Amino acid sequence: MPFVRFDNVQKSYDGRTLVVKGFEMDIEQGEFITLLGPSGSGKSTVLMMMAGFEQPTHGEIYLNGNPIKKLPPHKRGIGLVFQNYALFPHMTVEENLAFPLQVRNLSKSEIEKKVKRALDMVRLSDFGHRRPAHLSGGQQQRVAVARALVFEPELVLMDEPLGALDKNLREEMQYEIKHIQEDLGVTMIYVTHDQSEALTMSDRIAVFNDGVVQQLATPEELYER
Ligand code: ADP
Ligand code: ADP
């Protein structure tokens, strides 16, 4: 059994129309998988089901060979990053990073160590005491990336994490995220509608359209067509 398996996963929000129509995919540990497709094609819904915020209407998602629905969201060991950062505005950067660790009852010294390492990882060591509002958009998004990784999850889900950034910063962050992912060996499911982003970052790309996967291929294979 692969690390993640989507087995004929379907989703309807209204009980009539399927917005995900029988999604099948196996993901190996350490892979960077991108879900690429236009707005409304069902990409976010797949992430929401993986994260546990939505339930499949039909089919099954397996994590480490076990049906993921048996695990509540906070037990799935999944880090999340969304487009709008969703940092806690009243907390400093360090407090934002400590939060996922406090929730998991780590000791104070463990928390300090892991927060420091996460800050180093995204090159924000000098910004730990700032509040998010006093950071640039790129810095805020690096904090969001650090917060998703600080508790050392096995799997990270990112939904258009660079969508709010300008083009230059987006390209810089693509390499940064890819580098961190490879460094940590963490498995990634990454959602974007930006083809060049998908080609730059991914091991494999699932091309979504209208709730179905039209192609599942490596960037090299897609580029040749
Ligand atoms: P994408 O991430 O590719 O933009 P989504 O998964 O967000 O696609 O959306 C797929 C379809 O499901 C869209 O038609 C969207 O309007 C609908 N949808 C998404 N979330 C909900 C929801 N919570 N309730 C009802 N419809 C939803
Ligand atoms: P994306 O295209 O990245 O999914 P959206 O703006 O479509 O972004 O969706 C943002 C949030 O709103 C998501 O949590 C999604 O599930 C929810 N959503 C999207 N479409 C609908 C809808 N038709 N009804 C209710 N919630 C929706």
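## Two sheets and a buried lysine

An open sheet of 4 strands runs in the order β2-β1-β4-β5, with antiparallel pairing. At its edges stand β2 (20-27) and β5 (66-67), each with a single partner strand, so one side of each lacks a neighbour in the sheet. Strands here (E, at least two residues) and helices (H or I, at least four residues) are DSSP runs, numbered from the N terminus. Two strands pair if DSSP finds at least two bridges between them.

This is a predicted model: local features need pLDDT of at least 70, side-chain atom pairs count only at pLDDT 80 or more, and totals for chains, interfaces and linings use all residues. Residues are numbered from 1 along each chain as its sequence is written, chains are lettered from A and ligands numbered from 1 in the order in which they are written, and side-chain values use heavy atoms, leaving out hydrogens and water.

Strands of a sheet pair through backbone hydrogen bonds, either parallel or antiparallel. Both senses appear among the pairs below.

| Strand pair | Sense | Bridges | Residues standing opposite |
|---|---|---|---|
| β4 (58-63) and β5 | antiparallel | 2 bridges | Tyr62 and Pro67 |
| β3 (32-36) and β8 (187-192) | parallel | 5 bridges | Leu35 and Val191 |

The other sheet is also open. Its 6 strands take the order β6-β7-β8-β3-β9-β10, and the pairing is mixed. Here β6 (78-82) and β10 (212-217) hold the edges; each has a single partner strand, so one side of each is left without a neighbour in the sheet. Neighbouring strands of this sheet are turned by 15° against each other on average, direction ignored.

Now the helices. Helix α1 (residues 43-51) packs on the 6-stranded sheet. It touches β3, β6, β7 (155-159), β8 and β9 (204-209), and its direction makes about 145° with that of β7. Helix α1 also lies across β1 (4-11), β2 and β4, at about 120° to β1. Helix α4 (residues 137-149) lies across β6 and β7, running at about 165° to β6. Contact means heavy atoms within 4.5 Å. Axes are lines fitted to C-alpha atoms, for helices over the stretch in contact, and angles run from 0 to 180 degrees between N-to-C directions.

One residue deserves a look. Lys114 is found in helix α3 (residues 108-121). Is Lys114 buried or exposed? Lys114 is buried, because its relative accessible area is 13% (buried means under 20%, exposed over 50%, partly exposed in between; 1.4 Å probe, protein chains only). Not counting residues up to four places away in sequence, Lys114 touches Leu101, Leu106, Val150 and Glu152. The side chains of Lys114 and Glu152 make a polar contact at 2.9 Å. A polar contact is a pair of N or O atoms within 3.5 Å; within protein, one must be able to donate a hydrogen and the other to accept it, and residues adjacent in sequence count only if both atoms are side-chain atoms.
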